[in-house]
Structures are given as C-alpha cells and as structure tokens.
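Hi,

Here is the structure I promised to send over. Have a look at it first, and then read on for what turned up.

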Amino acid sequence: MKKFFIQTLGCKVNQYESDGIGSALEKKGWVKNKRTKACDVFIVNTCAVTSKAGMQSRQAIRKIIRENPTAQVIVTGCHAQTDPEEIKKIAPIIDSNKRAVHNSFGIHLISHKDKTKIADNISLICDNKSDLGFQKTDFTKKNVFPGFDPAVKGSMTRAYLKVQDGCEAFCTYCIVPYARGSSVSMPQNDVLKHLRELNDSGFREVIITGIHTGMYGLDFKKRSSLLQLLEKINREKPVHRIRLSSIEPGEINDGIINLASKGNILCDHFHIPLQSGDDEILKKMKRPYDASLFEDVIHKIHKTIPTAGIGVDTLIGFPGETNKQFENTYKLIEKLPVSYLHVFPFSARKGTPAFNFTNQVDPEIIKKRCAQMRQLDQIKREKFLKNNFNTKLEGLVQNKRDKNSGLLKAVTSNYLTVFLKGKAELKGKILNLELDQLDKNLIVTGKIK
Ligand code: SF4
C-alpha cells in the first residue's frame, strides 16, 4: 500500500483543500501517514499570505526533502502559485559524497486550479507524465470552480464547505487574488448536495467558507447571491445549522442578518474583516467602505440579534498609520458591541502595492499597537461572556475534550466555547446550555439545561 503525507500551511480553506486531496487519495487505496517520514509521496499545500508564510512553506519543503532525499514531493497552494521561481530555487540536498540527491526537479508544482485533480493523476505527476503542468493565474480566463466531490469531511466536529473561491477586490495589502484568480462559485445544487452528505455523515454544523464569500453567485450566468443561497439552505434545512466563516462589512444585508435570528438555520455569529477604523487608511487599503458603514452594520446586527457573536479582524500598522489613525480604529471598536477581535500586525507582502508604499510603520510601534488591541479584545470577550449569563444557548459538543481539564467543550451558535462536565456519549450532540461560572482567564463553564 502506498503512503502519503500532506502538510498544510495557512488558512482553513487550504486545510479544507488538503482534506479533499487526502480523502480522494484514500479512496484510491492510498494510506495517510501522520509523520514526515517513510512515505511514497509528500504533498505540501503552501500559503502566501505574508512573506513569512511563504518562507515557512519553503522551509517545510526543505525539511521533507532533507529527511526523505529520494521522495516525490508535490507542491501546490498559494505560495506555489505566486512564487513558483522561489520554489524551483530550493537548494539541492547534497549527500556525503557531495552528490546532489534531490533538487528542484524532484518537486512537482501543481497549479491552484488543478488541486482537485491531484489524486486522479498522482502516478502520472510523479512520473513527470501528467499534463497538469504548472500555469500562472490567468485573470483573462473564466475559471471553473475547483470543487471536490463527494463532500470533504475532514477530522473536526464541525465540517467546512468551500462554496466560493478567488477574489477580485485587490486590496492593496493582499496577495490572495494573484494566487486564486477571479471569483468562482459552487453551483447551488452542489452546495445542497454536499450539505446533505455531511448531515448523513453525522455533522450537525457546517461552516460555509470561501475566499470572498460575499461574492457568491455573482459569477453565474444567471447571477445569484449569497443571500439567495442562504435562503435556499434555510428553506430546505439539509443540516442542523450552518455558520458563515467570514463576510465583508458591505456585504452584510438585512436579509442575511434576519436569517441569523432565532428559528433559522444560520448561526447568530458574524466574523467581519474591518482592518482599520480610519477612513483614510481604508482608502489606501482599497477597502470599499468607511467607518460609518461598519458602525451601522454592527448596530443593525446587534439591534436585530442582541446575543449575536460579532468577531472583527484588524490589520494594525498599515503604511502611514499615524497614532491618531490607530486611535480611530481603537475607539471605533471600543464603542461598538463587538465580542472578540483578531489582531494582525501589518507586514509588507512582496507582489502587492502596499509593499512599495512609503512611511512603513516602525515594527516596535506596530507591536505596541497590537498589544493595545489585544487588551481591548480581552475586555470585549469578558463583556460578551457576561452578557450571555442567564440566556439559553445552543452548543455543539466537540469530539475532543480539553487537554488540560479533561472537560468537554461545546461551541455555541454565537461562538462561545463552553466547558462542560459530561460523558463521552455527548460528543457531537447539540445541547441546550446555560453559563455557570467564569474564571479570570475567561474560561467559562456551563450546565446542560
Ligand atoms: S477582499 Fe481584499 S483582503 Fe479579502 S481576499 Fe480579496 S483582496 Fe484579499
């Protein structure tokens, strides 16, 4: 039996795609190995979101060929797509007789659009006989949605379903459109089919994900939208609940907010990339909204669903960000009913316009601002947790217990993690919960109601 190992760098979409490649190989009789040793084929699914992620991707490839000098290595993913030359440059491994035993010719580069075809072509790829030659992203061509079939199950309690890929926004700091090309969507009927398959496999929650999910359906001949998709899912209820992984501020409309209210299938949880709360910085980032639009959206969600979890991404230290502009971001979030923050320090990514912007902010200043934002995150989390006491919550018990306490963990529809005492039979079950105790580390325990 042939063995393979997949290493994934980067985001949840990459993880989903690696799981898709992995299950397709397993269906063909290959065995997944958990270690980077003694495999017939190694697959590295790379990330390009920052220069560091690119470097880590190359390090992962080097480590594999160092430990397995004669192995076949398939490299795909965003870094492979944006910087194939960097990967081809990976230095040869020299044996004790100073002979090169592995060099870049032992690495097979596969384009992002062909990720779904790796399993079917694996022997040809390794024999250098496949026609899945590497191609750069072509924005002039209409892409086909690179989907896996059947549904990708992964190893988590909550399944992911990628319904959209690519992005056409070209925010000035972001490399993603260059890696994944223009926006493409999974046909509605396929989305429903995959949701039903996941439900039949025992999943109670599916996270609807994409690169720019709000663009869902805009590429169809007969234009559709994310709202139309969510409405259809809500009508047919193929699975107990769904969650949106992330959605742009300007793409949250009344219809989507209403679908997240009680009695509907969409979780009352929004994760929104704000990046900056300063209008001038937003313009420089080429983000298509201003702080007041963001403020209105958050108020609208909170007014319609007071218990909704609202997570916000921030990108701190964009070139030219002054103290005042940073404060604008801080103060905007401080006054809004946001429940948690993800704080990212800006780092200039080669290949994006922001790489050449003047007035790059001193890394020490970025560090301090990020620390301030992380303190604000703690304040927001605590407040949100306290607001959830004495309310009825719906939690999905995760398959893995907490390593330290041994307690079960349930994820609520509004995205709280609640620790619970209970037997293994509860894993994977949906329970009605109430919060019980909150400790100083913001660990919250709950009771089953
Ligand atoms: S919307 Fe902007 S930040 Fe998001 S993937 Fe597209 S270009 Fe990148």
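To start with the inside: 43% of the protein's 449 residues count as buried. Keep in mind that this is a predicted model.

On overall shape, the C-alpha trace spans about 70 × 55 × 50 Å along its principal axes. The radius of gyration is 23 Å, which agrees with the value near 22 Å that a compact globule of 449 residues would have.

As for the fold, the secondary structure comes to 13 helices and 20 strands. Take the contacts between residues at least 6 apart in sequence: 73% of them join residues at least 24 apart.

One helix pair you may want to pull up is α12 (residues 323–335) with α13 (residues 363–387). Their axes lie 11 Å apart and the helices pack at an angle of about 5°. Because angles under 35 degrees count as roughly parallel, α12 is roughly parallel to α13. On the α12 side the contact involves F326, Y330, I333 and E334, and these meet R369, Q372, M373 and L376 of α13. Sorted by class, that contact has five nonpolar residues, one polar and two charged.

Then there is the ligand. Which residues surround the ligand? Around it you will find C167, A169, F170, C171, C174, V176 and P177, along with I211 and H212. By class, this shell has eight nonpolar residues and one polar, with no charged residues in it.

Shout if you'd like to go through any of this together.

Cheers

Notes. Residues numbered from 1 in each chain as written. Predicted model: local features only at pLDDT ≥ 70, side-chain atom pairs only at ≥ 80, totals over all residues. Near = placed C-beta within 6 Å. Nonpolar A, V, L, I, M, F, W, Y, C, P; charged D, E, K, R; others polar. Axes fitted to C-alpha atoms, helices over the stretch in contact; angles between N-to-C directions. Helix = DSSP H or I, 4+ residues; strand = E, 2+ residues; numbered from the N terminus. Parallel < 35°, antiparallel > 145°, perpendicular 65-115°, else oblique. Contact = placed C-beta atoms within 7 Å. Rg over C-alpha atoms; globule rule 2.2 N^0.38 Å. Buried ≥ 20, exposed ≤ 12 C-beta atoms within 10 Å, placed from the backbone.
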